[in-house]
Amino acid sequence: MRIRAHHLFCMRGFQGKGYSPRFVQHMAAVITRLARGEHCTVVAVADDICAVCPHRTNDACTLYGDTVERMDAIILDALRLRQRAYAIGELYDAVDHAFTSWESIEAVCGDCRWHGDCTFYQAYEKKKERDR
Ligand code: SF4
């Protein structure tokens, strides 16, 4: 399976909402497959989640455009992964290690429209308030 880098954040904040009923069902299934042990490679192009997205056209993201590529690039640069398939737990550990501050998350997620429904983003918001 292929997972684009910023979806490592999205999957952890997923609360059953998305771009269409089919998309939501599919994203939940991908998360379940990974949780059950299927490995994935991390990419910076349309992935197995984008596959059923109504905003994907010819493997381009018509909703976020260049922004989504910038998000993927920041995460890939921070994680420094090898060219191999990973268990999802390894990738989530790598994210936790590389992204420890509110600022580091905001640099990726600042332009995302899902802040109100993303528990991953909200956890960092709470951390920012605690650290004040
Ligand atoms: S096509 Fe864009 S909006 Fe749809 S899942 Fe992929 S990155 Fe997200």
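Two exercises on a predicted model follow, each with a worked solution.

Residues are numbered from 1 along each chain as its sequence is written. Because the model is predicted, local features need pLDDT of at least 70 and side-chain atom pairs count only at pLDDT 80 or more, while totals for chains, interfaces and linings use all residues, and side-chain values use heavy atoms, with hydrogens and water left out.

**Exercise 1.** Determine whether S104 is buried or exposed, and find which backbone oxygen its side chain reaches.

*Solution.* Begin with the relative accessibility of S104, which is 18%; since buried means under 20% relative accessible area and exposed over 50%, with partly exposed in between (1.4 Å probe, protein chains only), S104 counts as buried. Next, examine the side chain of S104, which reaches the backbone oxygen of S101 at 2.7 Å.

**Exercise 2.** Establish where the ligand sits, and describe the lining of that space by class.

*Solution.* First, a search of the whole structure finds one cavity of 30 Å³ or more, where a cavity is a set of points, on a 1 Å grid over the protein atoms alone, at which a 1.4 Å probe fits but cannot get out, and lining residues have an atom within 4 Å of a point. The largest cavity holds about 510 Å³ of space, and of its 33 lining residues the closest to the centre are H6, H7, C10, Y19 and W114. Second, the ligand sits in this largest cavity, meaning that more than half of its atoms lie within 2 Å of the grid points. Finally, the lining comprises 21 nonpolar, seven polar and five charged residues, with Ala, Val, Leu, Ile, Met, Phe, Trp, Tyr, Cys and Pro counted as nonpolar, Asp, Glu, Lys and Arg as charged, and the others, Gly among them, as polar.

How values were computed
A polar contact is a pair of N or O atoms within 3.5 Å; within protein, one must be able to donate a hydrogen and the other to accept it, and residues adjacent in sequence count only if both atoms are side-chain atoms. On a 1 Å grid over the protein atoms alone, a cavity is a set of points where a 1.4 Å probe fits but cannot get out, and a pocket is an open set with protein on both sides within 12 Å along at least five of seven lines; lining residues have an atom within 4 Å of a point. Grid points are joined across faces, edges and corners, and a volume is the space filled by probe spheres set on the points.
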